[in-house]
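Biologist: Please take a close look at one part of this model for me, the nonpolar side of its surface. Then set that part against the rest of the chain.

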Amino acid sequence: MPEQPEAPSSISNPSTVRNHEKRWLRTDVILLIVATGMLFWIAGDVLLLVFAGLLMAVALDGVSTALAKYSPLSRLWSLLLVLVVTVASLIFLAMYMAAPLLEQFDDLWGRTTDFIDAAIDRLDDFGWAQQLFAGGNGNSDQLADAASTVVGHVGTATLMVLGAVSSLIVLLAIALFAAFNPELYRVGLLKLFPNPVRQRMDRALSAIAHALRWWFLGQLASMLLLGVTVSIGLLVIGVEVWLGLGVLTALLTFIPFLGPLIAAVPIVIVGFAEGTQVGIIVLVFYLIVQNVEGNFVVPMIQHRAVNLAPALMISVQILMGVLFGVLGLILAAPLTVVAMVAVNKLYVEDMLGRETQS
């Protein structure tokens, strides 16, 4: 009886092989995503600190490169000049602005607490408010517990300050080393990828650096515009702590969308603490300034970077804030810029073949 030919193995079938390869590719990508997520979950604070240093390095590199392009200075001397000017500016501000600024911040804190106390006193006139706050009135045990809690927080705050100083030193070290020789780290990162992918990754890194520079420029323009405008406007209106509120507004504006909203809270509180009429004027003034900044100035600059959808940005900010605290909230926007540019360059353009806005 003649032997029957063996049925071809499923592995030898070309279509089956391709299916296996695709299935393995999907599994590989899923494992990579899971591993990356676990890494962020375990060492998220450290990675965010490194990213903050790299973001500062990108900003320093962008300014020094532009200065070297339009001046006879080399890039190294341009970077040194930028660092010297930055340090000298910080020293000048510390010498001539720190004392009045701290005094105004202290006054701002006092006015805010006085306004909150006055609001609570008014709420005491209502029955539902009396029931709400009745549990904490006249209870000496609760006051003692609160005092011991405050004492415990003092030690925690001391450790937090030491941790913040050490983190700042690490951040500056990363920024300076990466800014002085960015090609060393760029080439080292590209060596991790195979040759067919290396060129695409190089283009993606260039696009990410370009987008981060313009995003950073847009945020600095927003900070300067809102800080100076709010300070001058409050000074004209007659608010005594105009400088502290202006600096606070400038710092919070670094956080897109949520930052200006957070800055509006102390501004409106201090305005209404001065009087109802002053509060209304301050509120209307801030709304006008913030809308002009958000709808006209920043889009003119950041269209060179990436268009951040407000709903997406706020969602990412809330998520990063819940997972990683204040640092995650601050760095949510540049991380979103990096993610969007990487997706556009590596997936939409290279894999799908669709053009995206450069």
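Modeller: One term first: a helix here is a DSSP run of H or I with at least four residues, and helices are numbered from the N terminus. Keep in mind that the model is predicted.

Now the patch. The largest share of the nonpolar patch comes from H10, with seven residues. Helix H10 runs over 276-302, and helix H3 runs over 98-123. Each of these two helices supplies at least two residues of the patch. The members are Phe 115, Ile 116, Phe 272, Ile 280, Leu 283, Val 284, Leu 287, Ile 288, Val 292 and Phe 296. Together they offer about 840 Å² of accessible area on the surface. Ile 288, one of the members, is found in helix H10.

Next, the chain that carries the patch. Its secondary structure comes to 11 helices and zero strands. Read along the sequence, the pattern is α-α-α-α-α-α-α-α-α-α-α. The chain has 358 residues, and buried ones make up 28% of them. Its accessible surface comes to about 23,100 Å², and carbon and sulfur atoms hold 71% of that. Among contacts with a separation of 6 or more, 65% join residues 24 or more positions apart.

The charged pairs come next. A search of the whole structure finds three salt bridges. Asp 61 takes part in a bridge with Arg 75, with the closest N and O atoms 2.6 Å apart. This pair links helix H1 (residues 14-69), which holds Asp 61, to helix H2 (residues 75-96), which holds Arg 75. The two residues are 14 apart in the chain. Asp 61 also forms a salt bridge with Arg 213, and there the closest N and O atoms are 2.8 Å apart. That pair links H1 to H7 across 152 residues. Asp 61, Arg 75 and Arg 213 are thus linked in a network of salt bridges. How covered are they? Asp 61 is buried, at 11% relative accessible area. Arg 75 counts as partly exposed at 23%, and Arg 213 is partly exposed at 32%. The cut-off for buried is under 20%, so Asp 61 falls below it at 11%.

Asp 202 and Arg 186 also meet in a salt bridge, 2.5 Å from N to O. Asp 202 sits in helix H7 and Arg 186 in helix H6, 16 residues apart. Asp 202 is partly exposed, with a relative accessible area of 29%.

These two helices pack together as well. Helix H6 (residues 182-190) and helix H7 (residues 195-237) meet at an angle of about 140°, and their axes are 10 Å apart. H6 passes H7 in a right-handed crossing. On the H6 side, Arg 186, Leu 189 and Leu 190 make the contact. On the H7 side, Arg 198, Met 201, Asp 202, Leu 205 and Ser 206 do so. Arg 186 and Asp 202 therefore belong both to this contact and to the salt bridge with N to O at 2.5 Å.

One backbone detail remains. Most residues other than glycine have a negative phi. Phe 257 has a positive phi, near 65°. Its place is the loop between helix H8 (242-252) and helix H9 (258-274). Phe 257 is partly exposed, at 31% relative accessible area.

Terms used
Residues are numbered from 1 along each chain as its sequence is written. This is a predicted model: local features need pLDDT of at least 70, side-chain atom pairs count only at pLDDT 80 or more; totals for chains, interfaces and linings use all residues. Side-chain values use heavy atoms; hydrogens and water are left out. Patches are made of residues with over 30% relative accessible area and no salt bridge: like charges are joined within 9 Å, nonpolar side chains (Val, Leu, Ile, Met, Phe, Trp, Tyr) within 5 Å. Accessible areas come from the Shrake-Rupley method with a 1.4 Å probe; for residues, only the protein chains shown count as cover. A salt bridge is a side-chain nitrogen of Lys or Arg within 4 Å of a carboxyl oxygen of Asp or Glu. Buried means under 20% relative accessible area, exposed over 50%, partly exposed in between (1.4 Å probe, protein chains only). Contact means heavy atoms within 4.5 Å. Axes are lines fitted to C-alpha atoms, for helices over the stretch in contact, and angles run from 0 to 180 degrees between N-to-C directions. A crossing is left-handed if the near helix is turned anticlockwise from the far one by less than a right angle, and right-handed if clockwise.
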